[in-house]
Structure formats: structure tokens, C-alpha cells
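Colleague: Hi, could you walk me through this one? I have a few quick questions.
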Amino acid sequence: MNILCAGINHRTAQLNVREQFAVREGEMTDLLARLRGIEGVTGAVMLSTCNRVELYASGLCTLRALEGFRSILSERAGFEAPLYHHDTPQAVRHLFRVASGLDSMVIGETEILGQVKKAYSLASEAGSATRSLHKLFQHAFRVAKRVRTETQITSGPTSIGSVAVELAGKIFGSLAERRVMILGAGEISERTARSLQSRGVRSVIVSNRTYERASALAAEIGGMALHFDHWEKAVADVDILISSTNAPYALLTPEKLTPVLKLRRGRPLFVIDLAVPRDADPAINELDGVFLYDIDSLEQIAAQSLDIRKQEVIRCESLIEEHVDGFLSWLSTIREPHPQA
Amino acid sequence: MENFTLLASTLCYLFSFGHTLFALGARRFQPGRFNYIAMAFGAAAQGWYLSLRGAAEHACPLGSLPEMLIFLSWSIALIYLVIGSSYRLSLMGAFTAPLVLLLQIVALLLPGKSHQTPSLPHNPWIETHAALSVVAYGAFGLACVAGLMFLLQEGELKSRRPAPIFHYLPPITVLAESLKRLLWFGFLLLSLSFAVGMHAHLFVSGEKFICSMLIWVLYALLLAGANKGLLSNRRLALFAVVTFLLALALLPLIEHLSHS
């Protein structure tokens, strides 16, 4: 019995190519039935995400399965699919790497495991997963869990938004009752605010030199607009201040913040300065209860997390190898009948 | 049997501390029940020791400095076990274990942990006064641990290049809140202990009274400052650590004056 893996992913094809081959959930059952109809294929599982479209098939002749898959995909897109393919044992190793997030665009991301589980579940419901594929995917889920719990592959945030969310969490704990103020309606500050909103912050205030722009952004993200003249008074009530104005001088200085901090009675203030030139005087970080992060420090933390993840890849690979060996020794003992036999 | 229970509890605390250090060093730390259970076994073994001593002395086992230190370390461990779950079994155990271990090792090294005759007079009120005081010290000890964790986490956040330990430490707001609660808990117990002492007409020397009141006044000032917003969380954490170290340094003197 052989396992075949064939497909396209973010490394081999651009988004405009990948989107031509994407398979919607509703189309999956028909496609799986067509794949099972290919001579020599006993079972098939299709994985279709924004970064990859992959077939995992079991059968005696993987070459025929590959050609059949290529022709089905090419027929759908209207041009030949630039497929890569792996046979046993590389196909097994590939799935384990995919499920563990090692083959993802952002190493260690965990969303892919849910997508692999969904693909397996759809194939199982369609009666398309054979005994060897069941075993293969169960192994993949086990190895993904071990990789996640026994290594640091998922550790740390990897984007500015997620770094801001993690830091806010380490300052405030729950973000549910927190208030955010955006100074300057820039794109990165909007994205950062949205990341914080996704973690449940209570309210967002937007203040911009042009009030209309502040109103438009506030309406878009479900916040409240504030005239730029009033932002200093409002700082006493906010917990997180995201600043990205075009001011040529520092808006946030120790002189301005010291009286405000007295009104806050010890509540911490998290200042995220995304502006270049900077809106915040670095000296405010020395004030008790103020935590200042500029664009460089946020990017450094994201890069640090990615470095840690990359260093963990070797440990992940050795865990994966253990499971590849385990699966292959089981595979060598089975003989699988063709479903049509 | 007494020595066995003490040794067992020391090993449990050592195991808890060593396991966390190893896990952090290997970047494999996962908040889990392992450290919590090791601490629980350590506290159980200590509790057993104290009950054996109590049975031997027919009194609360606080008759000597080693016994006081063991009772104090047991109190810290017990309070941690009660509140530890609210930290989602995070690193607090790793910070509590070395303090408990240190107190226990000092107690083991000091002579006179096995009095056959009780040093405290047989008066349940005086025993209650002594026990409440030591449990209050336990709460202050754990407040010191929370203060250290706060200072460490705040330093990591201020540095803007946080070390890996940052990811395992609780949020500073949670630590500051726990610190205040522990200080209040310890302060109320200490006040209660003084009230019980007065009710028992406990005679104390002028020096002991001054030492005890100094600790009480320092904690009262800390809490008043925090309550009025005069002390930032960082200063509160710093003073909680310093005051506990001072209280710990005065403990042998207070114990000595109790018997003189």
C-alpha cells in the first residue's frame, strides 16, 4: 500500500494561481467520488485552504492517481496545475509537517490543524477515507499535538497586532473591560485596534486632526470619534493608547502624562507608538505604570518569536520522524482491498 | 518519624523547584499540576511533622526558632495551595518553592528543633496568638513572592525586549491585585493575633513589643499608601519585599525575647 500526496501551496504558486484550484466545502463530496474513481486509488482526502490544495490518496499505483488528480484540477481551472507530489514515506512526512504547522507561511500557526481535521472529517463522512488514511490522519493529529505541547513552535506572537495583544494581556490580564484610544487614523493603528477588539476590549476612541477621518474610522470599527483638541483629557480614562499621527514633534511627554497618571490611581497605561517620527518621548517609559512600545520594539518581539520558532523546527522534525517510523511499520503490515473489488 | 517527614517535605519542595528550573532551562515549561502536587505533598509532610511535634509537646509546635520557621514555611505553602489555582498553576509555585525550601533548610540546620518540653506556656490563647502571628507572616511571605514576580514582570515589560520567562509570568495587574489581597490578609491576621495576645494578658518585654509593633506599623503604612494612591504598584511590590525581609530578620529576635 502506498500513500500519495500531491498539490500546490504558497511556496509553489502565487495566490492568483492557488485561488483557481481552491475547492469549496460543498464541492468536496463530488470531487472525492471522482478521485476514488481513478484506477488504483483506494481512498482520498482533499485539503483546501487559502495556502494549499492537497490530495492525500492511498492506493497501489500512485502514478495513475497523480495523473488523475492533475487532470481533474486542470479541468477545473482551465490550465495545467503546477503540482508537486510525494510518495511514501515523504508523503507521510509532508502531512505530519503540514498538520504541525511546519509547512505554513507563518511557522507554528495552529489554524492549519483545524483545517486538516475538517478535511479528514469530510472525507470520512463521504466514505472516502480508507483504513490506511484513517490511521495516517490519526497519527498526524497525535504528532501535531505533541509538537505543540512538547516544543515552543507556537510560542510568542509573530505580527505587530498579535504582539500588541500579548503585551496588553501581560499588563492587564483580561482585556474585556479595557478602553483603547487611537491617535491618528493610520492603517497600522486600525489593524492593531482591530486585533485588540478581537480580544474583547470594551471601547475604542478615535481622535484625528481631521475629525471627518476620525468619524469614518470610528464608524468602521464600531468606536467613538473625538475632536483632536480633547484627546489629552481623555487619556486619564483609557488603558491602551495607540498613536500614529504625522506630528513632527512628540505629543506624549513626561510633562503631559505626569498629571494624568495621578488621576489614574495606579492603573497602568500601555502606549503603542506606531508613528515615524515617534509621537512619544522615550522618557515616558520611565514613568511608573507607563509601558511604551514603538514600532521597532514591536517588530523586534515578533522577529524574536519567529527566531524561537525556527530554532524549534529541529526538535519538531525529530518528533515527526518518530511518528513517520511508527506509521510506516504499521503500513507495511496491512493489505487494503480496493473499494470497487 | 519526625525526621522522615521533614526530609520528605524538603525533597518534595526541592523536586518542585528543580523540575521548574529544568523545564524553564529546556524551554519546556508548561503550567501544570506537577509542581502544585509536589508542593501539596511537601505541605502534607510538613503538616504531619508539626502534628507529631504538637502531640509530643502537648502544645502548638512553636516552642523554638526551628519550629517557628517550619510552621512559617508550612503556612506559606498552604496559602499558596489555596490561591495557587487562581494563577492558573503558573510560575508562582516556582517562586514559592525556593522560599519555603530556604526556610526549611535553615530550620533543619539550626539546633533545638526537637524540644521535649514545651517552651510556650500551656495557654490556648497564647498558642492561638503565636499561630496566628506565624500564619500572618506566611501571608506576608507569599506577598513578598508576588512582589518579586511583579518586579520581574514589570522589568521585562519596561525593557521592551522581554526574556522567555515573561511569557510564563502572570499579568502585572493580577500580581498587583494578589499582592494587595495578601498584604490585607496578613495584616488582618496579625492584628487579630495582637488582639488575642491582649485578651490572654500576654506579658511581653518592651523590645518585643517594639519589634512586633514596628512590623505591624510598616504593613499598615504600606496598605494605607496603596489605598490612598500614594504608592505606585511598583513601590508597593518593592516595599512588600523589603518589609518581609526585615520581618524575617526580626523573627529570631522576637522568638528570643518571647522566652526571655
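Colleague: Let's start with chain B: what percentage of its 260 residues is buried?
Modeller: Buried residues make up 53% of the 260 in chain B; buried means under 20% relative accessible area, exposed over 50% and partly exposed in between, with a 1.4 Å probe and protein chains only. Before we go on, this is a predicted model, where local features need pLDDT of at least 70, side-chain atom pairs count only at pLDDT 80 or more, and totals for chains, interfaces and linings use all residues. Residues are numbered from 1 along each chain as its sequence is written, chains are lettered from A and ligands numbered from 1 in the order in which they are written, and side-chain values use heavy atoms, leaving out hydrogens and water.

Colleague: Thanks! How many helices and strands does chain B have?
Modeller: Chain B has eight helices and zero strands. Helices (H or I, at least four residues) and strands (E, at least two) are DSSP runs, numbered from the N terminus.

Colleague: Now the interface. How many residues of each chain are in contact?
Modeller: On the chain A side there are 34 residues, in contact with 26 of chain B; contact means heavy atoms within 4.5 Å.

Colleague: And what area do they bury between them?
Modeller: About 2400 Å², with 43% of it on carbon and sulfur atoms. Buried area is the accessible area (1.4 Å probe) that two parts lose on being put together, summed over both. Lys170(A), Asp288(A) and Phe291(A) supply 26% of the area that chain A buries against chain B, more than any other three residues.

Colleague: Which residues form a salt bridge there?
Modeller: Asp288(A) pairs with Arg234(B), and their closest N and O atoms are 3.0 Å apart. The count between the two chains is one salt bridge, meaning a side-chain nitrogen of Lys or Arg within 4 Å of a carboxyl oxygen of Asp or Glu.

Colleague: Which element of chain A gives the most to that side?
Modeller: H12(A), with eight residues. The residues on chain A's side divide into twelve nonpolar, twelve polar and ten charged. Here Ala, Val, Leu, Ile, Met, Phe, Trp, Tyr, Cys and Pro count as nonpolar, Asp, Glu, Lys and Arg as charged, and the others, Gly among them, as polar.

Colleague: Back to chain B: what is the nearest side chain of opposite charge to Glu154(B)?
Modeller: That is Arg234(B), 4.2 Å away, and Glu154(B) is buried yet has no salt bridge. For charge, Lys and Arg count as positive and Asp and Glu as negative, while His and the chain ends are not counted. Glu154(B) sits in helix H5 (residues 124–159) of chain B. Leaving aside neighbours within four places in sequence, Glu154(B) is in contact with Gly289(A), Phe291(A), Ile172(B) and Arg234(B).

Colleague: Switching to the backbone, where is the cis peptide bond with omega near 0°?
Modeller: From Val276(A) to Pro277(A), with Pro277(A) in the loop between strand S9 (269–273) and S10 of chain A. Another cis peptide bond joins Thr88(A) and Pro89(A), with omega about 5°. Pro89(A) is in the loop between strand S4 (84–87) and helix H4 (90–99) of chain A.

Colleague: What about Arg265(A), buried or exposed?
Modeller: Exposed, with a relative accessible area of 54%. Its phi is near 50°, a positive value in a residue other than glycine.

Colleague: And Arg160(B), buried or exposed?
Modeller: Arg160(B) is buried, at 18% relative accessible area. Phi of Arg160(B) is near 65°, again positive in a residue other than glycine, and Arg160(B) lies in the loop between H5 and helix H6 (172–199) of chain B.
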